[in-house]
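Work through the exercises below with the sequence and the coordinates open. Each task is followed by a solution that goes step by step.

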Amino acid sequence: MSAPAIDARGVDKYFGRFQALDKLDLTVRTGQVAGFLGPNGSGKSTTIRVLLGLLRADSGSVRLLGGDPWKEAVSLHRRLAYVPGDVSLWSNLTGGQAIDLMGRLRGGLDTRRKKAFLERFELDPTKKARTYSKGNRQKVALVAALASDAELLILDEPTSGLDPLMEAVFTECVREIKEEGRTVLLSSHILSEVEKLCDTVTIIRQGRTVESGTLDDLRHLTRSSVHAEVEHDPAPLAALPGVHDPEIDGHRISFSVDHAQMGAVLSQVTSLGVRSLVSNPPSLEELFMRHYGDELAALNGGTEGGERA
Amino acid sequence: MSAFTGAGTLSRFVLRRDRIRLSVWTLALAGTTAAVVPVLDDMFSTEEERQGRAALMDTPTGIVFGGPGYGLDDYTLGPMMVNEMTMTLLIAMAVMSILHVVRHTRAEEESGRAELLRANVLGSGAPMAAALMTIALVNLVIGGVIALALIGFDLAVADSLAYGLGLALAGITFGAIAAVCAQVSEHGRSTSGLAFLAVGVLFMLRVVGDMAESGGNLLSWFSPFAWVQQAQPYHDLSWAPLALYGLVIVALVITAHLLSGRRDLGAGLVAARPGPAGAGRLLRGVTTLQLNQQRGSIIAWTLAVLLFAVSFGTLATEVEGMFETNPDLEAVFGTDVDDVIGGFLSFVTSYVIMGAAAFGALSVLRMRAEESSGRTELVLSAAVGRVALFGSALAVAAVSTLFVVVAGGLGLGLGAAAVLEDGAWVGRLLQAVLAQLPAAMVFGALAALVLGAAPRLTGLLWLWLGYSILATVMGGLLEFPDWAMNLSAFELLPRLPVEDFEPLPYVLYSGAVLLAGALSLVGFRNRDLATA
C-alpha cells in the first residue's frame, strides 16, 4: 500500500507559552474521506495550517503526499486544494476572477469543471467579492478547490456558511471526488455531515487526538440512548449492568446503555410493561459528547471542570 | 429613537478604544508647542535676531510653511509663534482628525463591526456623530492646552485663546471633511486618500494666495488653513474669521448626514457594478495581483505628488520676483538668483521624499492586512512560494515608490522650467530627487523587515518616520545639533542642486536598504504565518 496522504505523528505546536497542539496524530490514507472533528479552539485549523506549511511544527513528524509540507510547500501545493474556514477575498475582484486566480496560482484550472460547479452552487461569478455573503465567499473557495485536479482536498469547516440546499450539493460533490479516488480531509463540527461522508474520523480536543478510526470502530465504543415509559416503577432498571446515567421521572426513565447489554436491558424494560419506547442508535454526536462531556473532564480532573456545562 | 441615539455611549467607547492613540497625539502636539515657545524666545532674544528671522519668513519657503506673514514688522514672541508653528500644527491636526474620523466611520463599516453595533439601539447617525464629537473634544483639548501654554508665557490672553480656538476649529473642520469623504467612498483607505487630497488642495490654495500678496488674496480665504492666521492673533486680533470655521463645519456635517441618509450601511454612494466572470490574461500571478490591488493607490499618490510638485515648481517665479523686489534678500542668500531658486526647490524635494517614504511604508504594510485577513494564507495554499510572494510585494512597493519620487522630481522640474523658461531645471530636479532615492525607500525596507521578522515593532517604524519628518521640518528652526539631525532618515544624503552628490553615502545607504529587504525575505521565509 502506498504512503498515506497525510501522516502526522506526535505533532507539538506552541504559540508563545500556549500549547495549541499536543502530540497530535492524524493519518489519512489515500482515497479516503477523513473527518476531523473537534470543538472550537481545539486545534483543527492549527493542524491544517501545519499540514499546509503555513506554521512550522515544533516537534513530531509531518508528511503530506509523501513530502515535507514546510520545506516542499510549493511543489506539494500543486497537488492539493484548500478551503479555509473563513474565506477572505480581494474585495475589488469578482468571484469568477478570484476562482481563476486561485486556479492559475495552483497551476491550471479546468474551465469546464469551473462552469459546472458554478452552476451547481448557484454562484454568480460576476459579483464583486465585497458584495458576497459569508456563504458565497465560501462557495468561491469551494468552486476553486473542487474545479481543480488536486489529489488532496483540505476543507476547513467548508459548510459553515452554506444553507441546507447547498450543503446537500456539497455532500454530493465530495462523494464524486471520492469516487474519482481523491483524498479529502474534512474538518467540521457538523456531525451529520461527517457521518454521511467520512470513512474515518479523528476527534481532537485541546490539541490532542482522543479518538480515531472508522465510524463503525467508534460506534462500538459508545452506547445507545433509551427513553421509556413503563407501567411499573422503573427504578430497578437503573441498577442493571451496562446502564448509565439513568434519569427517572415518575414512570419515565432515560438512560444510555452499552451495546453488549442492550438485549438483556430491553427484556427487563419489556417486563415492566412498556407504554412507549424510543431508542436512538449512537450518533456521532454522542461520540462527540462523550469525549467533550464526562469522560475527558473526568480524565483531566477538576482543572477542566469549568468547560463542562 | 432619533438618528443620534447612543452617540454619547459610543463616544465614550471611542475614547476608551483610542485612549492611548489620542493621548499620544495630544501630548505630542500640545507638548511640542509648549516646548517650542521658550526655544523661540531664547533663540531670537535680540531685536536684530528677531527681524532677521522675520526676513526669512518673508521668503517663499517661509510663506509656504509659515503663512501670510502678519506681524513680521514687529516680530515678537506672539507673531513668531503664529508664523513658525501654525502650518505644522494644522497639518498634524489634519492628519490626526482625518485618520480618527475615517477609523471610526467608514473603516468600522468596512470591517463589519459597525453592523454589530447598529443592530443594537443605535441611531443611524450615531457613529459619525461619535467620531466627530470625540475628534472635536480632542482638538479642543489640544487648542486649549496650547492657549494655556501661550498665556503661561505671558502672551496676550485674548489672542492666545483665539489662536487655540482657531487651531481646534481648523482640526474639527478637517474631521468634518473626512466625514463627508466617508460617505462617498466604500473603503477606509480610499476615504482617507480622498480627504487628504482635499486637504492638500486647500493647503495649496492658501499657499498660492499668500504668495501672490502679502497677507493673502481672495484665494487664501477659501482655505481653512488661512483663517487661524487671518484672525491675526498677536497682531490685530479679529474673531470674525473664526466664524468661517463654524459655518463650514455646520455645512459639512449636514452634508455628510444627508449623504449618509441616502445610502445603506457599508455601501458607497455609487453601487458596486458587476464585473467580469473570469480573470483576464494579466491576472495570473502574485505580482499582477499586487498591482491590481494597489493600482488605485499608486495612481492617486503619483498624481497627488505630481500636482504638489508642479504647483511648488511654479512658485520658482515668485522666488525670482521677490528676489528682484527685495534687495535685503541678497544679504541673506547671496547674489545668484539660481542658487536661491535651487535652495527653495531642493527644500521642496525633501517633502517629495517624505511623501514617497510614507507611501512606500504603507504599500509594504498592506501585506500585514493581507496576512491577518487570511488572503495570504489562501495564496500560499496554492503553488506560491513565500519568497516569491513577499518579494513581489516588495518589488511592487519599490517600483511604485520610484514612480512617486520621479513624479515629484518631474513635477518640480516641469513647473520650474515652465515659469523660468529654462528646461535645464527638469534634469536638475530629477537628479535631486533621485539622489535622495534611498531615503524614500528606507521606510518601505524597514516595514518589510518588521513584517518579516518582528511584526510587533511596527510602532518603532512610525516613531522613526515621525522623528525624521519632525527633524527635517523643524530641526533647523529648533537648532537641532548635528547628531540629532543625522538621526533623520532624510538628512543623510546631500541635497542637490545646492549640495554636491557624494557616491559613497549613496552606495552605503542603498546597500542598507537592500540588506533590510533581503533580511525581511529570509525572515518571512522562516516564520509562522499569522492569521487572525
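## Exercise 1: the six-stranded sheet of chain A

A:Gly35 stands opposite A:Val201 in β8(A), and this pair is the starting point for the first task. The model is a predicted one, in which local features need pLDDT of at least 70 and side-chain atom pairs count only at pLDDT 80 or more, while totals for chains, interfaces and linings use all residues. Residues are numbered from 1 along each chain as its sequence is written, chains are lettered from A and ligands numbered from 1 in the order in which they are written, and side-chain values use heavy atoms, with hydrogens and water left out.

**Task.** Starting from A:Gly35 and A:Val201, establish the strand order of the sheet and describe which helices lie against the strands.

**Solution.**

Step 1. Strand β3 (residues 33-37) of chain A is joined to strand β8 (residues 200-205) of chain A by four bridges, and the two run parallel. Helices (H or I, at least four residues) and strands (E, at least two) are DSSP runs, numbered from the N terminus, and two strands pair if DSSP finds at least two bridges between them.

Step 2. The open sheet has six strands in the order β5-β6-β7-β3-β8-β9 (chain A), with mixed pairing. Since β5 (80-83) and β9 (208-214) of chain A stand at the edges, each has a single partner strand, so one side of each is left without a neighbour in the sheet.

Step 3. Neighbouring strands of this sheet are turned against each other by 15 degrees on average, direction ignored. Axes are lines fitted to C-alpha atoms, for helices over the stretch in contact, and angles run from 0 to 180 degrees between N-to-C directions.

Step 4. Helix α5 (residues 134-146) of chain A lies across β5 and β6 (152-156) of chain A and runs at about 170 degrees to β5(A). Helix α6 (residues 164-179) of chain A also packs on the sheet, where it touches β3, β6 and β7 (183-188) of chain A, and its direction makes about 150 degrees with that of β7(A). Contact here means heavy atoms within 4.5 Å.

## Exercise 2: the four-stranded sheet of chain A

**Task.** Determine how β11(A) and β12(A) are connected, and place them in their sheet.

**Solution.**

Step 1. An open sheet of four strands has the order β11-β12-β10-β13 (chain A), and its pairing is antiparallel. Because β11 (243-249) and β13 (274-280) of chain A stand at the edges with a single partner strand each, one side of each is left without a neighbour in the sheet.

Step 2. Strand β10 (residues 223-230) of chain A pairs with strand β12 (residues 252-258) of chain A over seven bridges in the antiparallel sense, and the bridge partner of A:Val226 in β12(A) is A:Phe255.

Step 3. β11(A) is joined to β12(A) by five bridges, with A:His244 opposite A:Ser256 in β12(A). These two strands form a hairpin with two residues between them, and A:Gly250 in the turn has a positive phi of about 65 degrees.

## Exercise 3: the interface and the cavities

**Task.** Quantify the contact between chain A and chain B, then characterise the largest cavity.

**Solution.**

Step 1. The contact takes 36 residues from chain A and 38 residues from chain B. The two chains bury about 3,300 Å² between them, 55% of it on carbon and sulfur atoms, where buried area is the accessible area (1.4 Å probe) that two parts lose on being put together, summed over both.

Step 2. A:Trp90, A:Arg104 and A:Leu105 supply 21% of the area that chain A buries against chain B, more than any other three residues.

Step 3. A search of the whole structure finds three cavities of 30 Å³ or more, and the largest has a volume of about 160 Å³. A cavity is a set of points, on a 1 Å grid over the protein atoms alone, where a 1.4 Å probe fits but cannot get out, and lining residues have an atom within 4 Å of a point; grid points are joined across faces, edges and corners, and a volume is the space filled by probe spheres set on the points.

Step 4. The largest cavity is lined by 13 residues, of which A:Trp90, B:Leu289, B:Gln290, B:Met367 and B:Glu370 lie nearest its centre. Helix α13(B) gives the most to this lining, with five residues.

How values were computed
1 Å grid on protein atoms, 1.4 Å probe; cavity = no way out; pocket = protein on both sides within 12 Å on 5 of 7 lines; lining within 4 Å.
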